[in-house]
Amino acid sequence: VQPKGMMDFSLLYLADKVKKNGSECEEWHWGSCVPNSKDCGLGYREGTCKEETKRVKCKIPCNWKKEFGADCKYKFENWTGCNVQTGFKTRSGTLKKALYNAQCQDTILVTKPCSPKIKSKSKARKGKGKD
């Protein structure tokens, strides 16, 4: 029993913690973001901690790289020149951040097709700039 007028601050702390996220559990393990339809856009992420399970809203950008997932953030180097034998450019990325305890590779290599040859600008438009 506490003296009159004294407050138990540990109860306040616990109440505040439960109030903020509805749980006193601290070691949540989160799954990947699962889109509501197709392979990008709004969706949900499921988390578990001991006996509890939660779902939170999430969003997968529609330009995400499926090979390494939307939860793995990388810092990329510049693209290499075009390899004429393969027809692809490459660049490597180093892991910057893994969101929601995602399992990410430390470094990745990505490729994209070389862009087609740049066409020269078309002739000047008729009637523009000529007097």
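What follows is a walk through the disulfides, one buried arginine and a small set of paired strands in this structure. Please keep in mind as you read that this is a predicted model.

Let's begin with the cysteines. A disulfide is a covalent bond between the sulfur atoms of two cysteines. Searching the whole structure turns up 4 disulfides, and we will visit three of these links in turn.

Start at C25, which is bonded to C49 with an S to S distance of 1.4 Å. The two partners come from distant parts of the chain, 24 residues apart: C25 sits in the loop between α1 (9-21) and β1 (29-30), while C49 belongs to strand β3 (residues 41-49). If you look along the S-S bond of C25 and C49, the torsion is about -50 degrees, and therefore this disulfide is left-handed. Both ends are tucked away from the surface. C25 has a relative accessible area of 8% and is buried; C49, at 3%, is buried as well. The cut-off behind that word is a relative accessible area under 20%.

Next, find C72, whose disulfide partner is C104, with 2.0 Å from S to S. This pair also links distant parts of the chain, 32 residues apart, with C72 in strand β5 (residues 72-76) and C104 in the loop between β6 (88-98) and β7 (107-113). The link of C72 and C104 is left-handed, with -85 degrees about the S-S bond. C72 is buried, at a relative accessible area of 7%. C104 has a value of 19%, and because buried means under 20%, C104 is counted as buried.

The third stop is the disulfide of C82 and C114, where the sulfur atoms lie 1.9 Å apart. C82 is found in the loop between β5 and β6, and C114 in the segment after β7, so this bond ties together parts of the chain that are 32 residues apart in sequence. With 105 degrees about the S-S bond, the link of C82 and C114 is right-handed. Its two ends also sit in contrasting surroundings: C82 is partly exposed, with a relative accessible area of 40%, whereas C114 is buried at 19%.

Now go back to strand β3, the strand that holds C49. R45 lies in β3 too. Is this arginine buried or exposed? R45 has a relative accessibility of 4%, so it counts as buried. Its side chain has a polar partner there, as a polar contact of 2.7 Å joins the side chains of R45 and D71. Leaving out residues up to four places away in sequence, R45 touches a set of neighbours that includes W30, G31, C33, R55, C58 and Y100, along with D71 itself.

To finish, turn to the sheet. Strands of a sheet pair through backbone hydrogen bonds, either parallel or antiparallel. Here 3 strands form an open sheet in the order β5-β6-β7, with antiparallel pairing. β5 and β7 are the edge strands, each pairing on one side only. From one strand to the next, the twist averages 45 degrees. The antiparallel pairing of β6 with β7 runs over 7 bridges, and T94 stands opposite T107 in β7. The cysteines visited earlier can be placed around these strands: C72 is in β5 and C104 in the loop between β6 and β7, while C82 is in the loop between β5 and β6 and C114 follows β7.

Note on methods
Residues numbered from 1 in each chain as written. Predicted model: local features only at pLDDT ≥ 70, side-chain atom pairs only at ≥ 80, totals over all residues. Heavy atoms only, no water. Disulfide = S-S within 2.5 Å. Helix = DSSP H or I, 4+ residues; strand = E, 2+ residues; numbered from the N terminus. Buried < 20%, exposed > 50% of the residue type's maximum accessible area, 1.4 Å probe, protein only. Polar contact = N/O pair within 3.5 Å; in protein donor to acceptor, adjacent residues only side chain to side chain. Contact = heavy atoms within 4.5 Å. Pairing = 2+ DSSP bridges. Axes fitted to C-alpha atoms, helices over the stretch in contact; angles between N-to-C directions.
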